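Thanks, everyone, for making the time. I would like to walk you through one interface and then through the sheet that stands behind part of it, so please have the structure open as I go.

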Amino acid sequence: MTDNVAIHTQGLTKHYGKVEALVDLNLDIIPGEIFGFLGPNGAGKTTAIRTLMDEIRPTSGSATIIGRDTHTDSVEIRKHIGYIPGDLSMYPNLTGRDTLTYFSNLRGGVDWNFVDALAERLEADLSRKVGDLSTGNRQKVGIIQAFMNKPQVFMMDEPSSGLDPLVQREFQGMMKEAVDDGATVFLSSHTLSEVQRVADRVGIIRTGHLVAVEGVQELRSKAIRRVDLYFDGPADGAVFKPINGVRDAEVRNHHVSLSFDGSMEELLNVATSNYTLVDINTQEADLEEIFLTYYREEA
Amino acid sequence: MLANVFTKTTLDRWKPPLIAAVSLAALLFFGMAVYRGIDVSFWDELPEAFRSVFGIPDGADAGSLAYGAIYAGYGMLTMGAVALAGGAVSIAGEEKNGTIGLLLGNPVSRTTMAVSKGAALAAVTAGAFIILWLTAFATPVLLDVETGAMDINALIVMMFVNALFYGFFAFALSGWTGKSALAGGVTAGIMVISFIAVGLLPLVDSLAGLAKFFPWYYFSSNEPVLNGIDWGHFAVLGVGAAVFFTAGVVGVNRRDLRSQSVGTKMIDRLRANPMTHKVAEMLAGSARVSKIWIKTASEHQALLYVIVPLMFLMSVMIGPMFSMLDDTLKSLGEQFPETLLALFGGGDMSTPEGFYQIEMFGMMVPISLFVVTIVIGTAALAGEEKNNTMGLLLANPVRRSTVVLQKTWTMIVYAVIVALASFFGVAGGSLLGNLGMDIGNIAATCALATLLGLAFGGLALALGAATGRTQIASYGAVGVAVVSFIINGFLPLNDSTAAWAKVSPFYYYLSSDPLLTGMDWGHAAILGGLFVILVATAVVLFQRRDLRQNG
């Protein structure tokens, strides 16, 4: 079933010798969604993207993008893809405009008014040589080359690297507009705030294995909360750990901090029956906390 | 000196000297085995100046010939090139890689850093010469060749100090400018000119004294393998190396460190100037990125700026020079046995065709073509992967085969341009010297040279396609070229091995005497076929493998 999906992978696996960089990746990403691909360094995010881009070939399994095989139809697919590789490198002796001209000649169908609009929006200086640009300004040229032919699918590997917060916001706006126009974004990142802000769904990858795929809202509505309890005397974490739903309880003298998705009544009962509760503070966990929780659980 | 900077630099740089030393050691064994089976008395009849360039003493035997031709000749040029390449990147390489700031962000003075790197250069060079020294003693024992009173220690010591001279000259330029390409290019130019000058100037009595102004004189003129170390010459080279080492250390202390910034070139200034903008845009603007092959050509244009005028001028000058030296050369030519001339591409020095063959087509034309084709062949695939730009390039709707073929097209265009420069130079030289050489035969020789250059460029391309590693592509192609050249030069000296020369691509370049007989279409087809096969292999290998990612 690949007709109604933008990106489909089936058992996609990549080994480097004995190292399992990517193991049995099964994913369906639908058109018009931003899919956040989260994981720490070395988890297999870049391997997955490079395999989808046909830079490297899977050890087993297969993948399609817009219904076409990523290996046999790779040239056709690349007419419809905007790509920002991780650790972006370009030709240092070319100006930004020369670089974009080079790629536009290979792709065709680039509207230079649109390119100029993107450059203005990102405040990118296209007249300077790429080799003379700072990391962030070089990244802007990379972003423009990915967007300039209005692709159907964006493959982005840590695209916000080096961008200042204002440009990050602008870039996130560009992604949302592209999706509103029907594009699909595969966004690999470990910048959780960005994924939380723009993604519809999130896949979490760990040591090459996809450990979870959920909607951002679903993840956040799992009712995992950060709860801080303050007592009038020293507390013992062992008292709280048996409570159903308590994760990673940390104790700092009078203060107990925990991630919690169980019964608040049970938690308060235990807290008040053992100690004198002075104060309580509770807030919704953000994606970072959920992400870290997944990692602690899997570890 | 800082031990860890020294150690890291040594570990980074030990491979090229080791590969060069092991290759030369193998060649020494091979050469001595060949010389052992032939009558080598003809060397005694050679001109004194010629023998001195190659460090070949009177009464030479198989041992001294092998040491002279392989160690003091090709070997010294090879080890000099390896040392100067190491010197050129010692300091400037860190700047080019953008790592010098990080290194000097530690409590390390520039002096300490430069001294450590200079010491590492000396250490890896010394290591390579220890291999050459051990082989020099072991080979005659293994082959049961009598080496008599030859002073192998003196030869190795003088080669070592000569290599340090050029290594630290490049080190000094690297320290003063921060530009590795400039440091390597200038030093290589000086070394090659010096080698040629010391070989040619003694042929003319009135010019013989000028040889002393070229540093190679202080290595070769005393024939160290026969006469031992001339301590005066040793001092010139040794003190020179020490002065250049010091200059490099002082130089890096006196200037701003370079960043990875690519700098502003003349063409950039012209593009920025409203008066010249349009013309500059045509030369360096959107036109140069219109196609993959044109962009590739644009990246390598500096090669042409150096090689085309050099080849043209050298080729033109040799015609009038032949006219002036006509009588001298005729008498010299009579002294050269054919078997020996085969080592330099063959030819009768008393005829213009033979003189051009020895002076230009034997080594200079193939080397200039190899520089162009192997550089482009290496950078084509392995270079893009090393720079991490191949992924972005292939994110566009272009086939991998298209990338290979477009870059191959650049290689062909550049090889033809260099060959044309040689063609017009030789044709012009023939005209200026009134030599009456056949234009068609000159064209045929240049065409065969082009195909030979493309064959080795194709090898670099195929090795890059197979591995994605620039070092394997470039060293592999250069190594095979050197071995092929020597096979073609040495094997015909011995009747029992002569037929094996046909395994060398060089055989199909000059063995038919194209300057005299015109095009040998069979040989052209073999070289052309080899090139096509290597490019096809590159296409297949590149399509099948994973792209490398550096960093």
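**The interface of chain A and chain B**

The contact draws on 35 residues from chain A and 39 residues from chain B, and I should say at once that this is a predicted model. About 3,000 Å² is buried between chain A and chain B, with carbon and sulfur atoms giving 52% of that area. On the chain A side, the residues that lose the most area to chain B are A:Arg78, A:Tyr102 and A:Leu106, which together make up 19% of what that side buries.

Turning to the polar side of the contact, there are 2 salt bridges between chain A and chain B. In a salt bridge between A:Lys14 and B:Asp546, the closest N and O atoms are 2.4 Å apart. Across the interface, 15 residue pairs are in polar contact, with both residues at pLDDT 80 or more.

Which elements of chain A supply at least two residues each to the side that touches chain B? They are strand E1 (7-16), helix H1 (45-52), helix H2 (74-78) and helix H3 (96-107), and the largest share, 7 residues, comes from H3(A). By class, that side of chain A has 14 nonpolar, 9 polar and 12 charged residues.

Now the sheet: in chain A, 4 strands form an open antiparallel sheet in the order E2-E1-E4-E5. Strand E2 (19-29) and strand E5 (68-69) of chain A each have a single partner strand, so one side of each is left without a neighbour in the sheet. E1(A) pairs with strand E4 (residues 60-65) of chain A over 5 bridges in the antiparallel sense, and A:Ile7 has A:Ile65 in E4(A) as its bridge partner. Finally, H1(A) packs on the sheet, where H1(A) touches E1, E2 and E4 of chain A, and its direction makes about 115° with that of E1(A).

Methods. Residues numbered from 1 in each chain as written. Chains lettered and ligands numbered in written order. Predicted model: local features only at pLDDT ≥ 70, side-chain atom pairs only at ≥ 80, totals over all residues. Heavy atoms only, no water. Contact = heavy atoms within 4.5 Å. Buried area = accessible area lost by both parts, 1.4 Å probe. Salt bridge = Lys/Arg side-chain N within 4 Å of Asp/Glu carboxyl O. Polar contact = N/O pair within 3.5 Å; in protein donor to acceptor, adjacent residues only side chain to side chain. Nonpolar A, V, L, I, M, F, W, Y, C, P; charged D, E, K, R; others polar. Pairing = 2+ DSSP bridges. Axes fitted to C-alpha atoms, helices over the stretch in contact; angles between N-to-C directions.
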